[in-house]
Amino acid sequence: MGTVIAAVKGTRDFYPEAMAVRAWLYRVIGEVSASFGYQEYDGPFLERLDLYAAKSGEELVKEQAFVFPDRGGELITLRPELTPTLARMVAQRQKQLVYPLRWWSFGPFWRYERPQKGRTREFFQWNADLIGANSPESDAELIALCVAFFRRVGLTPSQVGIFINDRHLMESLLLDLGIVAERHREVFRLIDRREKMNPEAWEDYALSLGLQPVQLDGLKRLLDDKSLWQHSPSLRRVFAALKAYGAVDYVHFDAQIIRGLEYYTGTVFEGRDMGKEGRAILGGGHYDNLVADVGGEPLPGVGFAMGDVMVTLVLEKYGLLPTWNPAPADVLVTVFDAEHLLKSLEISQILREAGLRVIGYTEAIKLDKQLRYAHRAGIRYAVIAGPDELVRDQVALKDLQTGTQTLVALSEVAFTVKAQMGVS
RNA sequence: GUGGCUGUAGCUCAAAGGCAGAGCACCUGACUGUGGAUCAGGUGGUUGUGGGUUCGACCCCCAUCAGCCACCCCA
């Protein structure tokens, strides 16, 4: 074997076992989304760079997007997130759509980053958005949707949680501390960094931003105040709604949740492993001006994104991934010799039409090799159609799991297999 | 973009500057129309790639690529 051409850095090959997980995730996400009345949609995987100029995080577009000129010289981007596309799609049909709009999507995204645990350059994301509704209860619905997903896959409140905050609340509290609005962006960044830095370095950082010691003390007091959310009428309504949704046991207030994307304006939240392991499983929040930013009328919304990489790691950690059944078929119809090859193919088709998953061997090789193939592939039943059986319109049916073999009338094979599959 | 660790058979790993190995897997046979178990035998490598040092390099040095991990950022 020569040197295999390497895959593109940060991409993943979905061998059948991994593909089964991805397909399962897609199915579960679709079911959960539909249960809240969300409709599936998707946008193009290629977008013009201009689309992201409006509101995505600076770094997300400038440094993490795959951008290349097409043959006409236009700058094209492999989508690094879906929300701007969603905003465009809504803006294009703004007057025709029925609001509040509930849409979900699951598709690939690309970001040019250094791959590491929980992060690849090509990944899949579940996006869900509620557009044209503007209430704390609407924000709570999206969180309830996340929780519904957690419950559906078996993740418990002791394993994962959703941490929420309100940017409006933080803004007003910063103003109370005498920190003017122009400084909020950098102070938000400071807040976001607190978990990751040691206390002294963090305080030095705060003072270097020009915060007064009094303001720093006030800020620390705010961030450590677990009941701070009670000062926010909005968050109080969010929590009340979450209680109604039966989702509140997964949800925690955390004043340090800020989120990086700049278009978030009110409620922000992220899902994490309760063991504080790894990066966020999902992130989302409320936005006011997204549709207007791409040329539409102002329309508020709330949404989130959940990446497949991190959630799969978490599910694996807790043993919640579906068990993989490698068997490609229920039955293998073997070929006795070259003369009986077509007869075997006929039998395979009869069984197929009876509703079984059937592989018919397509080469007249030694029988032991064919049975060995069935065994290695995990196929439970083998049909052996040799001259001795066929003269009496029978075949031998072998159960490779129990090792038993019986003679069965050709017309009864499908029925017999199905009956045996049913009992075990 | 910054830093750390790691690249040896299909897989998991040895070989501490001196003949590149083991287990598992795979292939063949014992088996006349039958998988697994056992036994016997066998295939398999420019040691990621390219340079350098040395009488001699899997081992030391440089570069590069890839994987993993952390930072950054974020799903």
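**Exercise 1. Backbone exceptions**

Where is Pro100 found? Then describe the backbone at Pro100 and at Asp393 in this predicted model.

*Solution.* Begin with the place in the chain: Pro100 is found in the loop between H4 and strand E5, which covers residues 101-110. Next, look at the bond that leads into this residue, where the peptide bond from Tyr99 to Pro100 is cis, with omega near 0°. Then turn to Asp393, which sits in the loop between H15 and strand E15 (394-399), and whose phi is near 55°, a positive value in a residue other than glycine. To judge both findings, recall that most residues other than glycine have a negative phi, and that most peptide bonds are trans.

**Exercise 2. Two packed helices**

Find how helix H7 and helix H8 pack, and name the residues that make their contact.

*Solution.* Two packed helices are described by the angle between their axes and the distance between the axes. For H7, residues 184-193, and H8, residues 199-208, the angle is about 180° and the axes are 10 Å apart. An angle over 145 degrees counts as roughly antiparallel, and H7 and H8 are therefore roughly antiparallel to each other. On the side of H7, the contact is made by Arg189, Leu190 and Arg193, while H8 brings Trp202, Tyr205 and Ala206. Sorted by class, the contact of H7 with H8 has four nonpolar and two charged residues, with no polar ones.

**Exercise 3. A salt bridge across the chain**

Which residue forms a salt bridge with Arg88, and in which elements do the partners lie?

*Solution.* Side chains of opposite charge can pair when their charged atoms come close. The structure holds 19 salt bridges, and in one of them Arg88 pairs with Glu47, the closest N and O atoms being 2.4 Å apart. This pair links distant parts of the chain, since Arg88 belongs to helix H4 (residues 83-92) and Glu47 to strand E2 (residues 46-48), 41 residues apart.

**Exercise 4. The surface near the RNA**

Describe the protein surface near RNA strand B, from its residues to single atom pairs.

*Solution.* First take the residues: of the 44 around RNA strand B, Arg189, Arg193, Arg259, Lys369 and Asp388 come nearest. By class, this surface has 20 charged, 13 polar and eleven nonpolar residues, and its largest share, seven residues, comes from H14. Now consider the RNA side, where 52% of the atoms within 4 Å of the protein belong to sugar or phosphate and the rest to bases. Finally, examine single pairs: a polar side-chain atom of Glu113 lies 2.9 Å from a base oxygen of RNA strand B, whereas a side-chain N or O atom of Arg376 is 3.4 Å from a phosphate oxygen of the strand.

Terms used: Residues are numbered from 1 along each chain as its sequence is written. Chains are lettered from A and ligands numbered from 1 in the order in which they are written. This is a predicted model: local features need pLDDT of at least 70, side-chain atom pairs count only at pLDDT 80 or more; totals for chains, interfaces and linings use all residues. Side-chain values use heavy atoms; hydrogens and water are left out. Axes are lines fitted to C-alpha atoms, for helices over the stretch in contact, and angles run from 0 to 180 degrees between N-to-C directions. Helices (H or I, at least four residues) and strands (E, at least two) are DSSP runs, numbered from the N terminus. Angles under 35 degrees count as roughly parallel, over 145 as roughly antiparallel, 65 to 115 as roughly perpendicular and the rest as oblique. Contact means heavy atoms within 4.5 Å. Ala, Val, Leu, Ile, Met, Phe, Trp, Tyr, Cys and Pro count as nonpolar, Asp, Glu, Lys and Arg as charged, and the others, Gly among them, as polar. A residue is near a molecule or strand if one of its heavy atoms lies within 4 Å of it. A polar contact is a pair of N or O atoms within 3.5 Å; within protein, one must be able to donate a hydrogen and the other to accept it, and residues adjacent in sequence count only if both atoms are side-chain atoms. A salt bridge is a side-chain nitrogen of Lys or Arg within 4 Å of a carboxyl oxygen of Asp or Glu.
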